[in-house]
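Me: Could you take a close look at one part of this protein with me? I'd like to follow a single strand and see what surrounds it.

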Amino acid sequence: MKELQGGQLLKAFLTVKVLEVSAPMSYTSEEKGVSQKLEVLIADTKDFADVLVYDLKKFSHFKVGEVVILSDFEKRLDG
């Protein structure tokens with residue numbers, strides 16, 4: 001993850017381990033109205049990062065101790 005610099009939309013695959021998962025949180029957006037997001041702490045062999053998962057169908061994949069492969073994700077400048 002360290003080599004990912006700046007804001008990017010990434011098509012690459014990134015294998016990470018799930019370290020921590022919060023309870024789903026509600027939020028409001030203009031496009032979707034009220035929806036939910038999941039905050040997850042992930043790590044690879046070099047670094048760790050907080051991520052937000054907005055796809056409700058993907059929430060079940062993020063369990064503490066599980067290894068997941070991320071693809072088509074966005075890295076923001078602030079994270």
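Reply: Happy to! Let's start with the whole and then settle on strand 4. The accessible surface of the protein comes to about 5,900 Å², and carbon and sulfur atoms account for 54% of that surface. Please keep in mind that this is a predicted model. Its pLDDT averages 85, and 81% of the residues score at least 70. Confidence is highest in strand 2, at a mean of 95, and lowest in strand 1 (residues 8-10), at 62.

The fold has 7 strands and 0 helices, so you can read the elements from the N terminus as β-β-β-β-β-β-β. Of the 79 residues, 28% are buried. Among contacts between residues at least 6 apart in sequence, 53% join residues at least 24 apart.

Now for strand 4 itself, which covers residues 33-43. Which strands pair with it? Strand 3 (residues 25-29) does, in the antiparallel sense over 5 bridges. Strand 5 is also an antiparallel partner, over 6 bridges, and strand 2 pairs with strand 4 in the antiparallel sense over 4 bridges.

Two of these neighbours are linked to strand 4 by hairpins. The one from strand 3 to strand 4 runs through 3 residues, while the one from strand 4 to strand 5 runs through 4 residues.

If you would like to find the pairings on your screen, some individual residues can serve as markers. On the strand 3 side, serine 26 has glutamine 36 of strand 4 as its bridge partner, and tyrosine 27 stands opposite serine 35. On the strand 5 side, leucine 41 stands opposite aspartate 50. For strand 2, look for lysine 17, which stands opposite alanine 43 in strand 4.

Serine 35 is a good place to pause. This residue lies in strand 4 and has a relative accessibility of 13%, so it counts as buried. Leaving aside residues up to four places away in sequence, serine 35 touches Met25, Ser26 and Tyr27.

One of those contacts, tyrosine 27, takes us a step further. A search of the whole structure finds 1 aromatic pair. In that pair, tyrosine 27 meets tyrosine 54 edge-to-face, with 5.5 Å from centre to centre and 80 degrees between the planes. Tyrosine 27 belongs to strand 3 and tyrosine 54 to the loop between strand 5 (48-53) and strand 6, so the pair ties together parts that are 27 residues apart in sequence. Are the two rings' residues buried or exposed? Tyrosine 27 counts as buried, at 17% relative accessibility, whereas tyrosine 54 is partly exposed, at 32%.

Strand 4 also has a share in the largest nonpolar core. This core has 12 residues: Leu14, Val16, Val18, Leu38, Val40, Ile42, Val53, Phe59, Phe62, Val68, Leu70 and Phe73. At least two of its residues come from each of strand 2 (14-21), strand 4 and strand 6 (67-70).

As a general point, side chains in a regular strand alternate between the two faces of the sheet. With that in mind, have a look at Leu38, Val40 and Ile42, which are among the core residues.

Valine 53 shows how a core residue from another strand relates to strand 4. The place of valine 53 is in strand 5, and its 9% relative accessibility means that it counts as buried. Valine 53 and valine 40 are 13 residues apart in sequence, with 7.5 Å between their C-alpha atoms. Setting aside residues up to four places away in sequence, valine 53 touches Gln36, Lys37, Leu38, Val40, Lys58, Phe59 and Phe62.

That contact list includes Lys58, which makes a useful last stop. Lysine 58 lies in the loop between strand 5 and strand 6. With a relative accessibility of 42%, lysine 58 counts as partly exposed. From lysine 58 to leucine 38 the C-alpha distance is 9.5 Å, and the two are 20 residues apart in sequence.

To put the picture back together, strand 4 pairs in the antiparallel sense with strand 3, strand 5 and strand 2. Strand 4 also supplies at least two residues of the largest nonpolar core, and valine 53 touches Leu38 and Val40, among others.

How values were computed
Residues are numbered from 1 along each chain as its sequence is written. Side-chain values use heavy atoms; hydrogens and water are left out. A nonpolar core is a set of buried Ala, Val, Leu, Ile, Met, Phe, Trp, Tyr and Cys residues joined through side-chain atoms within 4.5 Å. Buried means under 20% relative accessible area, exposed over 50%, partly exposed in between (1.4 Å probe, protein chains only). Contact means heavy atoms within 4.5 Å. Two strands pair if DSSP finds at least two bridges between them. Rings of Phe, Tyr and Trp (its six-membered ring) pair if their centres lie within 6.5 Å; planes under 30 degrees apart count as stacked, over 60 as edge-to-face and the rest as tilted. Accessible areas come from the Shrake-Rupley method with a 1.4 Å probe; for residues, only the protein chains shown count as cover. pLDDT is the predictor's confidence in each residue, from 0 to 100.
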